[in-house]
Amino acid sequence: MSQNKEFSVVDDYQYDTRTTWRWIGSHVRRYWHYALVFFLCYTWSWSAYAGAQALVGRAAEQIIDPNAAFVGTALLILALLVSDSISGLVGALSAENVAARFGADARQELYTSLLGKSKQFHDRQRTGDLMARATDDVNELSNMMVPGSLLVFETVAGIAVPIIYIALTELQLVLVPLLFVVSYIITARHYIRRLNPVVEAQREQFGKLTATLEESVSGIEVVKASAQEPFERAKFRRNARLYRDFFVQQGYIEARYLPLLLYGIAVGLTFLHAISLYRAGTIGIGAVISTMALVNILRFPTFISLFAFSTMQVGYTSAGRILRIIKGESDMDENAGGVAQPIVGEIVFEHVSFGYAAENTTNGAVQPTHILNDISFRIAPGQTVAIVGQTGSGKSALTQLVNRTYSASGGRVLIDGINVEEWSLDALRSQIGKIEQDIFLFSRTIGENIAFGAPDASQEQIEAAARAAQAHDFISGFNEGYNTVVGERGVTLSGGQRQRIALARAFLSNPRILILDDSTSAIDSATEDEIQKALRKAQEGRTVLLITHRLSQIRWADLILVLDQGRVVASGTHDDLLRISPHYRRIFARYDTALPPIEEIVPALA
């Protein structure tokens, strides 16, 4: 199935994603040799075990007959039971192999799929729910194989094989077991139909529960600062109770499982039938004993089918939840065959409009929320352009269209005269560096964080980038230096330290276009002066897009774009805009700076 993705693996194994069962089957078929060994071993295991029970009747007749030798029959029963144990062991090992590999492959497939989804797709997902699918739902896939599919096969083989032996022993005695099988199938189907919606709701609720937990932990600073621990505890408790209630409903359904009752009735009727035939002289005592021994085998598969169906249903529901993410439509494609040339740095916006996709809660439809409207401008290679405007004017959204974090909903964005949609996504993004105000650092060493965009960089190159970003001194002050492991999202560092590490990361990757989204907001004035020297050196030969409210940074921009309510309302140099743009003047009204008188712009005559 053709599907947009921003990232893919060359020669990655392709699974059949048309339906949930096809997807599961394509995973199992990848390890068909293990599945075949499992099938053959368990088929023989049940055949040997049932055969041994059938021979018990013959052994009983030989014991009754003083002239019969039953040693050979006893040894044959022993051999069958030993082979049953060995084949069962080999079959279980094969099934475990399939289960473990299925779980690992599904988790890897899901992770690769998530890497290939667009930012707009991830905006619509809850991180906790994705984590639940990648962990607990994947574990349920393994459980669906072992013990789930193993128990299902034991249910089928454990019922079919003994009935075949009963028919071979005495055809008349197979009537009651066959009636039991028919009633078993009817009641089992009814049980599954009642169980399905409860299990589906249970898995969805688990995703919600995990999402609530993740949000509370991620926002723990806000929770504590607002003293909202009681509220968060109550919310989590409500979700946990609802999750528990679904398990209780499942328990009620399982408690009313009828096949075990039907089995008890079948045993009594089979014994009554066998005794009637024996008293009539139609069959011997050996046939009665063999038949009852074989009917006794049916109890185990009838009992375990309760757990088999539940485990399989949970696994199937989890598979569906994982597959929905894998099949989820991404808004962009990596365009692997697109333009992959070195970037010079020219950026052109031609009547560009953009809106984030937001889900309409009324009907579930995804509708855009307009952010940018009819934006047009040109940035020459090597220019430093400051983008200013009030909060919510669309500054960050504009820069996100340059590296195709999002796609424009109207108009064109051109890099070196080529529409960004025609570029190879990897070639485009690898030559564009971006540092945002909310710096994200991985829970790794500082050196690994700096080298994230250039993993093959040497230690000397990493340290040179850190010096350029004024980060080397504070990094050297740590006991482990560049080997210091930062906490999750870099929480063990101050805001200024995180921003300087992000700057070092950008310097090391050596991008042709550099986007700085208020990237020095958490840096003190003294450090900022040093970093500005580094930035001015870094901008040489690069196109720089700068979002900032700091006058010291705006002044040295070659061009300033003023945004208001998603439109470019003015552009020019700092001195020009102070004279002609009321929007730009309002930005600096808070500074204790004398502003030149506003000039009226006279429209050019046609």
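Take a look at lysine 117, which lies over the face of phenylalanine 121, 5.3 Å from the ring centre. You can find a similar arrangement at arginine 30: this residue lies over the face of tyrosine 13, at 4.4 Å from the ring centre. Keep in mind as you explore that this is a predicted model.

Let's stay with the rings for a while. Two aromatic rings can be described as a pair by the distance of their centres and the angle of their planes. There are 18 aromatic pairs in the structure. One of them joins phenylalanine 38 and tyrosine 42, with 5.1 Å from centre to centre and 50 degrees between the planes, so the pair is called tilted, the label for angles that are neither under 30 nor over 60 degrees. Both residues sit in helix 2, which covers residues 32–64, and they are four residues apart, or about one turn of the helix. Are these two rings buried or exposed? Phenylalanine 38 counts as buried because its relative accessibility is 12%, under the 20% cut-off. Tyrosine 42 is buried as well, with a relative accessible area of 7%.

Now jump along the chain to another pair, phenylalanine 440 and phenylalanine 442. Their centres are 5.0 Å apart and their planes make an angle of 80 degrees, an edge-to-face pair. Here the surroundings are more open to view: phenylalanine 440 is partly exposed, with a relative accessible area of 36%, and phenylalanine 442 is partly exposed too, at 23%. Back at helix 2, the story goes beyond one pair, as ring pairs link Phe38, Phe39, Tyr42 and Phe153 into a cluster.

Next, the inside. In soluble globular proteins, nonpolar side chains tend to be buried together. In this model, the largest nonpolar core has 67 residues, and Trp23, Phe102, Leu141 and Met145 are the ones with the most contacts inside it. Several elements give two or more residues to this core, including helix 1 (20–29), helix 2, helix 3, helix 6 (175–218) and helix 11 (299–326). Which helix provides the largest share? That would be helix 5, with 15 residues.

Helix 5 has another detail to look for. Proline 147 has its place in this helix, and the peptide bond leading to it from valine 146 is cis, with omega near 15 degrees.

Not every nonpolar side chain is tucked away, though. Val37, Val71, Leu75, Leu78, Val82, Ile86 and Val90 make a nonpolar patch of about 590 Å² on the surface. Helix 3, running over residues 71–116, gives the most to the patch, with six residues. Valine 90 is in helix 3; its relative accessible area is 36%, so this residue counts as partly exposed, between the cut-offs of 20% and 50%.

Finally, check two spots where the backbone does something you might want to look at. Histidine 351 is not a glycine, yet has a positive phi of about 50 degrees. This histidine 351 belongs to strand 1, residues 347–359, and counts as exposed because its relative accessibility of 52% is over 50%. Aspartate 374 also has a positive phi, near 50 degrees, and is likewise a residue other than glycine. You will find aspartate 374 in strand 2, residues 366–379, where its relative accessible area of 42% makes it partly exposed.

Notes:
Residues are numbered from 1 along each chain as its sequence is written. This is a predicted model: local features need pLDDT of at least 70, side-chain atom pairs count only at pLDDT 80 or more; totals for chains, interfaces and linings use all residues. Side-chain values use heavy atoms; hydrogens and water are left out. Patches are made of residues with over 30% relative accessible area and no salt bridge: like charges are joined within 9 Å, nonpolar side chains (Val, Leu, Ile, Met, Phe, Trp, Tyr) within 5 Å. Accessible areas come from the Shrake-Rupley method with a 1.4 Å probe; for residues, only the protein chains shown count as cover. A salt bridge is a side-chain nitrogen of Lys or Arg within 4 Å of a carboxyl oxygen of Asp or Glu. Buried means under 20% relative accessible area, exposed over 50%, partly exposed in between (1.4 Å probe, protein chains only). Rings of Phe, Tyr and Trp (its six-membered ring) pair if their centres lie within 6.5 Å; planes under 30 degrees apart count as stacked, over 60 as edge-to-face and the rest as tilted. A charge sits over a ring if NZ of Lys or CZ of Arg is within 6 Å of the ring centre and within 35 degrees of the ring normal. A nonpolar core is a set of buried Ala, Val, Leu, Ile, Met, Phe, Trp, Tyr and Cys residues joined through side-chain atoms within 4.5 Å.
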